[in-house]
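I sat down with this model and a fresh notebook page. Here is what I looked up, entry by entry.

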Amino acid sequence: MCKTAIVILNWNGADIMRKYLPSVISNSYGDVIVADNASTDDSVQMLQKEFPDVRVIHMSENYGFAEGYNRSLGQLSEFDYYILLNSDVRLTQKHWDKILTDYMDEHPECAACQPKLLDLKILERQESHHEPQHDAFEYAGACGGFLDQYGYPFCRGRIFGSVENDKGQYDDVTNILWATGAALCVRASDWRMSGGLDPRFFAHMEEIDLCWRLRTMGRNIVCIPQSTAFHLGGATLSHSNPRKTFLNFRNNLLMLYKNLPQDELHKVMRTRMLLDFVAAAQFLLKGEPRNTKAVVSAYRSFRKMKKTYRPIRKDLLTRRKTGHVNERYNISIVWQYYVKGKTQFSELNLR
């Protein structure tokens with residue numbers, strides 16, 4: 001029996017799966033499984049007809065990304081590893097997944113990892129125009145993720161909207177704080193120990209929260225660039241969608257409240273509030289009032305939910321084995337990017 005379940009969570013993604021699922025099946029060593037979030041299109045019928053060998057897990061409603069994975073992986077206790085794979089990922093490397101799990105086999109201290117994540121839009125444009133291929137990192141995870149002291153995520157290969165070309169500059173295996181949810185390989189025992197993804201996040205930031213929890217519990221997260229995956233990105237919500245803005249801001253606040261050490265909590269949350277309302281003002285100046293409203297709504301929602309998260313925070317504080325994790329850097333990425341003009345990871349002063 002295979003030890004790895006490659007699980008694609010689907011909601012109304014028949015066309016996307018028809019396009020990219022063949023590359024997953026032909027290049028993966030593990031078992032490919034689709035967890036369907038009660039799609040209303042013909043996803044299930046398409047899978048039964050065109051991919052009859054792919055196992056399908058049926059869910060009764062759309063539980064979102066976080067709870068959808070919690071419920072589907074809860075039915076897969078026979079596997080040692082789970083790979084959470086977005087439906088808009090194309091694979092070109094044979095046994096890309098085995099590279100990840102072989103590393104995990106050799107490093108029992110490692111709870112989760114990711115491959116190098118490259119931009120599928122650029123690859124497909126080059127193919128359609130018969131251009132020479134040059135790879136670029138993809139926004140959602142690039143070559144491994146980190147946090148600054150105020151909870152802003154950034155990656156090797158991507159800071160805010162600046163995405164680098166892949167020239168092999170980050171090809172070393174390295175410890176990271178978070179692995180991308182677009183192609184997240186996690187040890188099944190660590191998944192169960194951590195409690196999985198936070199279902200109230202619904203979508204966005206949930207993989208960062210999971211990985212941060214695992215790190216404070218003494219487990220390692222790494223990027224393994226010898227394995228590669230191409231990600232389309234934005235298949236569900238575009239970067240400028242107000243719903244996405246709301247989820248990103250609210251979930252980031254919840255994540256900070258859950259995971260910050262006690263001695264940093266009040267200072268970080270106050271500073272983050274100031275920075276977020278500057279961002280809200282910028283949305284307004286750019287003529288995006290719906291995104292401004294989304295930031296304000298995110299804060300209202302956070303305040304309503306905060307009380308229910310107090311026991312969760314208390315439990316996490318008792319379970320943590322380390323207060324500070326090295327991959328959460330004591331810098332302001334906002335300052336370094338917008339004031340100092342540092343747009344590449346290699347330019348950052350991380351001390």
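**Salt bridges**

I counted 21 salt bridges, taking as one any side-chain nitrogen of Lys or Arg within 4 Å of a carboxyl oxygen of Asp or Glu. Before going further I noted that this is a predicted model, where local features need pLDDT of at least 70, side-chain atom pairs count only at pLDDT 80 or more, and totals for chains, interfaces and linings use all residues. I also noted that residues are numbered from 1 along each chain as its sequence is written, and that side-chain values use heavy atoms, with hydrogens and water left out.

I started with E50, whose partner is R18, the closest N and O atoms being 3.1 Å apart. E50 sits in helix α2 and R18 in helix α1, so this pair ties together parts that are 32 residues apart in sequence. For helices and strands I used DSSP runs, numbered from the N terminus (helices: H or I, at least four residues; strands: E, at least two). E50 is partly exposed at 38% relative accessible area, and R18 is partly exposed at 33%. My scale here: buried is under 20% relative accessible area, exposed is over 50%, and partly exposed is in between (1.4 Å probe, protein chains only).

Next I looked at E78, which forms a salt bridge with R55, the closest N and O atoms being 3.3 Å apart. E78 lies in the loop between α3 (64-73) and β4, while R55 is in strand β3, so the pair links parts that are 23 residues apart in sequence. E78 is partly exposed at 31%, and R55 is partly exposed at 37%.

The third pair I checked was D172 and R156, with 2.9 Å from N to O. D172 is in the loop between β10 (162-163) and β11 (174-176) and R156 in the loop between β8 (153-155) and β9 (158-159), so they tie together parts that are 16 residues apart in sequence. Which of the burial classes does R156 fall into? R156 is buried, at 4% relative accessible area, whereas D172 is partly exposed at 42%.

I also wrote down a network of salt bridges that links D198, D209, R213 and K258.

**Two helices with a buried face**

In helix α2 (residues 43-50) I found S43, V44, M46 and L47 buried. Seen down the axis of α2, these buried residues fall within an arc of 160°, so they line one face of the helix. The arc is that of the directions from the helix axis to the C-beta atoms. On the other side of α2, Q48 and K49 are exposed. What do the buried residues of α2 pack against? I found β1, α1, β2 (31-36) and β3 (55-58), counting as contact any heavy atoms within 4.5 Å.

I then turned to helix α4 (residues 96-106), where the buried residues are W96, D97, L100, T101, Y103 and M104. Down the axis of α4 they fall within an arc of 150°, so they too line one face of their helix. The elements covering the buried residues of α4 include β1, α1, β4 (81-85), β6, β12 (183-187) and β13 (220-231).

My reminder to self: an α-helix has 3.6 residues a turn, so residues three or four places apart point the same way.

**A buried lysine**

K116 caught my eye in strand β6 (residues 110-119). At 5% relative accessibility, K116 counts as buried. The side chains of K116 and D166 are joined by a polar contact of 2.8 Å. For that term I used a pair of N or O atoms within 3.5 Å; within protein, one must be able to donate a hydrogen and the other to accept it, and residues adjacent in sequence count only if both atoms are side-chain atoms. Leaving out residues up to four places away in sequence, K116 touches a list of residues that includes D166, D171, F137, C143 and C223.

**Positive phi values**

I looked up two residues other than glycine with positive phi. N12 has phi near 55° and sits in the loop between β1 (4-10) and α1 (14-27). N12 is partly exposed, at 27%. H130 also has phi near 55°, and its place is the loop between α5 (120-128) and β7 (145-147). At 74% relative accessibility, H130 counts as exposed.
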